[in-house]
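Me: I should like a close look at one part of this protein, the network of salt bridges, and then a connected account of how that part sits within the rest of the chain. Please write it for a first-year student.

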Amino acid sequence: MKTICLYFEIHQITHLKRYRFFDIGTDHYYYDDYENDRSINEIAERSYMPALNALQEMIEKNGKYFKVAFSLSGVGMEQLELHAPQVLEKLQQLNNTGCVEFLAEPYSHGLASLVNEASFKDEVMRQCTKIEEYFGKKPTVLRNSSLIYSDDIGNDVANMGFIGMLTEGAKHVLGWKSPHYVYHCALNPKLKLLLRDVNLSDDISLRFSNSDWDGYPLFADNYMNQIAAFPEEEQVINIFMELSALGIAQPLSSNILEFMKALPQCAKDRGITFSTPSEICKKIKSVGEVNVPDTLSWVDEERDVSSWLGNPMQREAFNKLYSVADRVRIANDPRINQDWDYLQASNNFRFMTTKPSNVGLDRGIYSSPFDAFTNYMNILGDFITRVNDLYPTDVDNDQLESLLTTIKNQDEELEMKDKEIVRLQAKIEKIEKEAEKQHGEKPAKAAPAKKAAAKPAAKKAPAKKTTKVEPAEEKKD
């Protein structure tokens with residue numbers, strides 16, 4: 001029986017402000033608050049809320065039959081908390097239906113998996129913690145930023161304990177193979193791989209409202225007919241896209257939500273079900289490994305990482321940022337950590353791309369990739385100076401880690417001693433109270449004993465008087 005795995009990504013760009021060279025060292029706040037508030041409220045109104053309401057209606061109408069998965073970046077959740085909390089509330093309502101799964105992903109929606117395993121692992125664990133706080137479930141399947149994957153990354157993810165990972169069903173990787181099976185990581189068979197069906201996903205997210213497209217207009221029954229026509233043994237159909245595709249990339253006026261609402265019934269009529277990623281990973285066996293020695297993603301025709309690291313500017317910014325990755329992680333300063341998350345976001349590097357793309361790219365405040373590079377490097381220069389100012393720059397990472405580990409151990413030892421002092425003080429107070437209680441009860445116990453001894457003495461006194469016989473003395477006389 002065929003099953004559809006429907007997944008949506010939710011990530012929100014944190015817009016940087018115009019930052020001049022002369023701001024370096026004087027201004028440590030890098031963000032355009034007005035644009036962040038405006039953009040996220042616009043996308044919430046035009047896309048997130050209408051789309052989530054439609055998905056909730058689909059769940060309520062179809063019960064446990066219809067299921068869907070989401071992944072939210074940590075920085076995206078922070079922006080929603082500040083500017084559009086209603087989106088998170090709606091996601092919690094969807095979570096309560098039991099038909100939704102939330103996936104793990106890097107907190108920053110960044111590229112740490114390409115260069116720093118420790119930073120990548122730290123980000124994923126922090127995002128999992130935030131997901132669990134909101135939705136009460138710890139993710140078991142991971143989705144990397146922009147579906148970035150390689151054999152090495154898959155091995156790292158498996159070692160973190162995840163059972164599955166989502167990635168792209170790229171032709172140059174699959175060759176003659178179909179994306180409609182469950183595969184596993186070439187370096188670690190424990191990690192199952194779910195591969196996106198590129199055509200079916202892009203038909204909705206990129207082409208749905210394009211009147212010049214051969215498949216226009218796309219109807220739900222025709223869409224499901226394509227899925228039903230796949231060979232019987234091809235059981236898993238993975239349809240992955242950004243949630244903003246519903247309302248932004250494909251405007252609501254295109255009837256995209258009506259199309260989505262019709263999918264469950266059309267699938268049911270053809271014996272096709274819906275499943276979450278973890279359900280598929282647990283129930284369906286892998287048919288074999290997928291070898292991905294080079295990194296792939298779901299972006300552009302090349303399906304690689306050239307959108308972020310394709311030119312010298314991008315690589316210089318990337319290498320300079322991650323040159324302090326270990327130092328940031330070791331120092332663990334709250335304000336530095338927050339800026340680190342926002343500066344890692346992959347869109348900062350995407351704005352610097354010089355390659356043509358079939359997908360429109362909105363560079364925001366930047367007039368060109370060179371403008372984006374200059375602004376980012378100014379901010380990065382100030383950020384790195386702040387990182388180095390935390391501790392002497394002549395202290396290398398190993399020495400710094402050793403120093404901070406010692407400090408941390410001392411703090412933990414002091415904390416344990418403080419707890420022991422509190423415990424002993426409580427014990428002393430308890431002993432003193434018991435002693436006072438015992439001391440106060442002694443007089444009360446002694447008093448009845450004295451009274452009891454006095455009563456027998458009073459009874460014997462009359463007996464002595466009765467032994468005297470006065471008439472006997474009269475006889476002797």
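Reply: A salt bridge is a side-chain nitrogen of Lys or Arg within 4 Å of a carboxyl oxygen of Asp or Glu. The model examined here is predicted. Within it, E35, R38, E42 and R46 are linked in a network of salt bridges.

One link in this network joins E42 to R38, with a distance of 2.7 Å from N to O. Both residues belong to helix α1, where they are four residues apart, about one turn of the helix. How far is each of them covered? E42 has a relative accessible area of 28% and is therefore partly exposed. R38, at 35% relative accessibility, likewise counts as partly exposed.

Another member of the network, E35, leads to an internal space. E35 is among the residues that line the largest cavity. The volume of that cavity is about 80 Å³, and the model has two cavities of 30 Å³ or more. Rolling a probe the size of a water molecule over the atoms shows where empty space is left. The lining of the largest cavity draws on residues with low numbers, including T14, H15, L16 and D32, and on residues with high numbers, including N347, N348, F351, R363, G364, I365 and Y366.

The network may now be set beside the other salt bridges. In total, the model contains 23 salt bridges. One of them joins R18 to D371, with the closest N and O atoms 2.7 Å apart. R18 lies in the loop between β1 (3–10) and α1 (33–62), whereas D371 lies in helix α16 (residues 369–390), so this pair ties together parts that are 353 residues apart in sequence. The two partners may also be compared by their cover: R18 is partly exposed at 31% relative accessibility, while D371 is buried at 17%.

A further salt bridge is formed by the side chains of E168 and R303, at 3.3 Å from N to O. This pair also links distant parts of the chain, for E168 is in strand β5 and R303 is in the loop between β12 and α11 (306–309), 135 residues apart. Both E168 and R303 are buried.

Strand β5, which holds E168, leads to a sheet. Strand β5 (residues 164–168) runs parallel to strand β7 (residues 192–196), and five bridges join them. Within this pairing, L166 stands opposite L194 of β7. Both strands belong to an open sheet of five strands, in the order β4-β5-β7-β6-β12, with mixed pairing. At its edges are β4 (141–143) and β12 (289–290), each of which pairs on one side only.

A charged residue without a salt bridge offers a useful contrast. D151, in helix α5 (residues 151–159), is buried yet has no salt bridge. The nearest side chain of opposite charge is K177, at a distance of 10 Å; D151 has no such partner because a salt bridge requires the atoms to be within 4 Å. Leaving aside neighbours within four places in sequence, D151 is in contact with C185, A186, L187, V290, N291, V292 and P293.

Strand β1, which precedes the loop that holds R18, opens a second group of paired strands. β1 and β2 pair in the parallel sense over four bridges, and in β2 the bridge partner of Y7 is A69. Strand β2 (residues 68–72) also pairs with β3 in the parallel sense over four bridges, and here the bridge partner of A69 is E101. A69 thus has a bridge partner in β1, Y7, and another in β3, E101.

In a regular strand the side chains alternate between the two faces of the sheet. Both faces of β2 are covered: V68, F70 and L72 on one side, and A69 and S71 on the other, are all buried. Strand β3 (residues 100–103) is likewise covered on both faces, with V100 and F102 buried on one side and E101 and L103 buried on the other.

Finally, the whole chain gives the setting for these details. The chain has 18 helices and twelve strands, and buried residues make up 49% of its 477 residues. Among contacts between residues at least 6 apart in sequence, 77% join residues at least 24 apart.

Technical notes: Residues numbered from 1 in each chain as written. Predicted model: local features only at pLDDT ≥ 70, side-chain atom pairs only at ≥ 80, totals over all residues. Heavy atoms only, no water. Helix = DSSP H or I, 4+ residues; strand = E, 2+ residues; numbered from the N terminus. Buried < 20%, exposed > 50% of the residue type's maximum accessible area, 1.4 Å probe, protein only. Lys, Arg positive; Asp, Glu negative; His and termini not counted. Contact = heavy atoms within 4.5 Å. Pairing = 2+ DSSP bridges. 1 Å grid on protein atoms, 1.4 Å probe; cavity = no way out; pocket = protein on both sides within 12 Å on 5 of 7 lines; lining within 4 Å. Points joined across faces, edges and corners; volume = space filled by probe spheres on them.
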